[in-house]
Amino acid sequence: MSFTFGFQITEEDGEEGDSSCQNTGELHGIQECPPPPLPAKEISMSFSEVQQHATTSQLRLEGGEVLSYITSPESKSLEASTSESDLIPSVYEGGMKIWECSVDLVQYLSEIALSWASLTVLELGCGAGLPGILALTKGAERIHFQDYNEEVLQNVTIPNVVLNTGTGLDAARCRFFGGDWGGVQKLLTEESESTNDKYDVILTSETIYNTDSYQKLHDLMKSVLAPHGTVYLAAKTHYFGVGGGTRLFEEFLQKEGIFQSEVCKVYKEGVNREILKIEIKKS
C-alpha cells in the first residue's frame with residue numbers, strides 16, 4: 001500500500017517572514033492565513049457513555065493477538081475536512097484513518113520482548129490509538145493518548161479503547177489530550193513537575209511527514225520522556241510531496257544533540273518504512 005498526502009507544500013509556503021499566509025492575488029493583496037494551532041486540553045469521557053459502533057474490523061498480529069477498531073468513524077465538525085483531504089495543516093491531521101506505519105508499530109511492539117507492566121506510556125498523534133491500545137492490553141500501568149483533534153479522540157480513539165478493553169476499564173489507567181504539541185508540552189510538563197513523573201515509553205507513528213513540526217515534537221519528547229525512557233517512532237523513509245522522513249528526522253535529532261537513535265526494523269513492501277528507537281544520550 002502506497003500513497004501520497006492530499007495537499008502540497010510549495011517552496012513559497014516554506015519561506016520565512018509572512019510565509020504562513022498566502023496572497024490570494026484576487027482580493028487586492030489580502031492574505032489568507034491558516035488558523036492558529038488548536039489549544040491543548042484534556043478530554044474527559046466516561047467509558048460507559050461510549051456508543052457501540054456497528055462497523056468494525058480486526059488487526060491480527062503475528063503473535064496471535066487481535067486488535068479491533070471502528071472502520072466508519074463520524075465527526076460532524078471534521079466531515080468537510082476528511083472528505084477533501086487526508087491532511088489539512090492546523091485543521092485536521094489525519095487521525096480518522098488507519099495509517100500503515102501505525103500498523104507497522106503495532107506489529108513491531110507485539111514482536112519485541114518488552115515488559116509493559118508498571119510502565120507509563122504516551123502515544124503522540126495517536127489517531128486510532130492501536131499502538132497505545134496494544135500497550136494497554138499487555139499490562140501497561142498507564143497509557144495517555146494525544147491527538148491534534150479533540151473530535152478524533154472522542155470519535156475514534158476512545159471508542160477503540162472501549163472496543164478492546166470493555167467499559168469496565170479503570171479510567172485512571174487512561175487519559176486523553178487534544179491540541180497542538182506546543183500546548184501539550186506545556187500542559188504535560190507542568191503536570192510532571194508537580195508529580196515528578198515522566199513517561200517510560202513514548203509511541204508515535206506517521207508524525208514526521210512535515211519538517212516544520214520537528215522542533216515541537218523534539219521539545220515535547222525532551223520535556224516528558226524519563227531519563228531511562230525510550231521512544232518508538234514508525235514512519236516512512238521519505239514522504240513524497242511533503243518532504244519529511246526518517247533520515248531527515250535523524251539528522252534533526254543529531255543536530256539538537258539530546259537524543260540518540262537507531263533503526264531497529266525496516267519494511268520494504270511498498271514505500272520504504274522504518275521503526276526508530278530513540279533514547280536520551282548518556283552523559
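The face of helix H5 turned away from its buried side carries Lys186, Glu193 and Ser194, which are exposed (over 50% relative accessible area with a 1.4 Å probe, protein chains only; buried means under 20%, partly exposed in between). Helices here are DSSP runs of H or I with at least four residues, and strands are E runs of at least two, numbered from the N terminus. The model is predicted, with local features needing pLDDT of at least 70 and side-chain atom pairs counting only at pLDDT 80 or more, while totals for chains, interfaces and linings use all residues. Residues are numbered from 1 along each chain as its sequence is written, and side-chain values use heavy atoms, with hydrogens and water left out.

On the other side of the helix, Trp181, Val184, Leu188, Thr189 and Ser192 are buried. Because these buried residues fall within an arc of 125° seen down the axis of H5, they line one face; the arc is taken from the directions between the helix axis and the C-beta atoms. Their cover includes strands S6, S7, S8 and S9 as well as helix H6, where contact means heavy atoms within 4.5 Å.

At the N-terminal end, Asp180 acts as a cap, with a side-chain oxygen 3.0 Å from the backbone nitrogen of Gly182. After H5 comes Asn196, whose phi is positive, near 55°.

Strand S7 brings in Gln146, which counts as buried because its relative accessibility is 2%. Its side chain reaches the backbone nitrogen of Gly125 at 2.8 Å, and a 3.0 Å polar contact joins it to the side chain of Trp181. Beyond neighbours within four places in sequence, Gln146 also touches several residues, including Phe177 and Val184.

Technical notes:
Polar contact = N/O pair within 3.5 Å; in protein donor to acceptor, adjacent residues only side chain to side chain.
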